[in-house]
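Okay, thanks for coming, everyone. Let me put the model up on the screen and then walk you through how the pieces fit together.

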Amino acid sequence: EAEHIDILLTDVKMPFMDGITLIKKLNEDNIKLKTIIFSGYNEFEYAKLAVKLGVKDYILKPVDPVEFENTIKKVCAELDEEQADFVKQFYLYSLLNKADTKGILENDDFLRSYNRLILIEFNTDFFGKYDGGDANILTLADCMGDIEYQYLNLNTQQSVILIKDEAKALSMDLLKNMLEKLHNYIFGKTGQFMYAAVSDIIDDYHRISDMMDELENLMSNKFYQTNNYIFTNDISDKMPVFVQIDDDVLMKQMKQDIKMKDVTFLRIHFDALCKKYRS
């Protein structure tokens, strides 16, 4: 608790607190580190439980020095990769917020082929409650398919996705379908409405802060076009609308909105119900 620890080596059998209990306690306290567990007991149940708790490796005693060295090298490589990813995210965050990026990265070529920006937004603290700011926005990787992207959580309500489209071959329809899939999954799991603003092609990634300003303005359309959830520069009445939402889910959400006196969400959920039956 007093120091930041990268790697924990622990035995299973220890006085006062055994290794499994120690790891559980660390998980409960949300202390992030890499754990390697040792045991002289070749018991499958220990191994299964250790894996469930996120242990990086499970080594039997007496410890084989070669096995131990390989394990340490693997864990250190993971830490180095995570550190590099953190620096890249910090650089991207600074770039988006027009902050000074000098000295953060020696080489920012990793962004050179990323040329389209998507702003994701919720009306509630979605990332604080449901996603914890994790870099996967639930099933983002599944919805993106083979599309390469950089993801960054900005705050509890907003995230951005930077798309790599070197050949500029990704159509707006494809991106909308991907976002529709993501929206429907999130709504089905959490009852939360996701909004997305999609940029045009960015010729220079150093301009993404300017593009971010444009997306913020584009996102303001959610207050005036309550039937739409995807906003682009070619907004029209023919834009796809997320329908086919389960009536029971909407009714439960509306009851909850009334109970919580949440007028914004009550209007959104009621409009969604009306949209489904308007024809």
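So, to start with burial: 40% of the 279 residues in this chain count as buried. Keep in mind as we go that this is a predicted model. The chain has nine helices and eight strands. If you look at contacts with a separation of 6 or more, 63% of them come from residues 24 or more positions apart.

Let's take the sheets in turn, beginning with the three-stranded one. It's an open sheet in the order S1-S2-S3, and the pairing is parallel. At the edges you've got S1, residues 7-11, and S3, residues 57-60; each has a single partner strand, so one side of each has no neighbour in the sheet. From one strand to the next, the twist averages 20 degrees.

Zooming in on the pairing, S2, which is residues 34-39, runs parallel with S3 over four bridges. If you want a pair to click on, go to Ile 37, whose bridge partner in S3 is Tyr 58.

Now, which helices lie across these strands? H1, residues 19-28, lies across S1 and S2, and H3, residues 65-96, lies across S1, S2 and S3. The direction of H1 is at about 150 degrees to S1, while H3 runs at about 165 degrees to S2.

Hang on to H3, because we'll meet that helix again on the other sheet: H3 also lies across S4, S5 and S6, and there it runs at about 75 degrees to S5.

Right, the second sheet. Here five strands form an open sheet in the order S5-S6-S4-S7-S8, with mixed pairing. The edge strands are S5 and S8, the latter being residues 230-231; each of them has a single partner strand, so again one side of each is left without a neighbour in the sheet. There's a helix packing on this sheet too: H7, residues 208-219, touches S4, S6, S7 (195-198) and S8, and its direction makes about 35 degrees with that of S4.

Let me go through the strands, and I'd start with S6, residues 158-164. Why do I say S6 is largely enclosed by the rest of the structure? Because six of its seven residues are buried. On one pairing, S6 goes antiparallel with S4, residues 114-121, over seven bridges. Within that pairing, Glu 121 has Gln 158 of S6 as its bridge partner, and Leu 117 stands opposite Leu 162 in S6. The other pairing is with S5, residues 148-153: six bridges join S5 to S6, and they run antiparallel. Glu 148 has its bridge partner in S6 at Lys 164. The connection from S5 to S6 is a hairpin, going through four residues.

Moving along the sheet, S4 also pairs with S7, antiparallel, over four bridges. Glu 121 turns up again here, standing opposite Tyr 195 in S7. And S7 itself is a nice one to look at: Tyr 195 and Ala 197 point one way, Ala 196 and Val 198 point the other way, and all are buried. Then S7 pairs with S8 in the parallel sense, over two bridges, with Ile 230 in S8 as the bridge partner of Ala 196.

Okay, helix against helix. H3 and H7 pack at an angle of about 65 degrees, and their axes are 7 Å apart. On the H3 side we have Leu 92, Leu 95 and Leu 96, meeting Ile 208, Ser 209 and Met 212 in H7. By class, that contact has five nonpolar residues, one polar and no charged ones.

The last pair is H8 and H9, residues 247-260 and 263-277. They pack at an angle of about 155 degrees, with axes 9 Å apart, and are therefore roughly antiparallel to each other. H8 passes H9 in a left-handed crossing. Among the H8 residues in this contact are Leu 250, Met 251, Met 254 and Ile 258, and the H9 residues they face as a group include Phe 265, Leu 266, Phe 270 and Leu 273. By class, the contact of H8 with H9 has 10 nonpolar, two polar and three charged residues.

That's my tour, and I'm happy to rotate the model to any of these spots.

Conventions. Residues numbered from 1 in each chain as written. Predicted model: local features only at pLDDT ≥ 70, side-chain atom pairs only at ≥ 80, totals over all residues. Heavy atoms only, no water. Axes fitted to C-alpha atoms, helices over the stretch in contact; angles between N-to-C directions. Parallel < 35°, antiparallel > 145°, perpendicular 65-115°, else oblique. Left-handed = near helix turned anticlockwise from the far one by under 90°. Contact = heavy atoms within 4.5 Å. Nonpolar A, V, L, I, M, F, W, Y, C, P; charged D, E, K, R; others polar. Pairing = 2+ DSSP bridges. Buried < 20%, exposed > 50% of the residue type's maximum accessible area, 1.4 Å probe, protein only.
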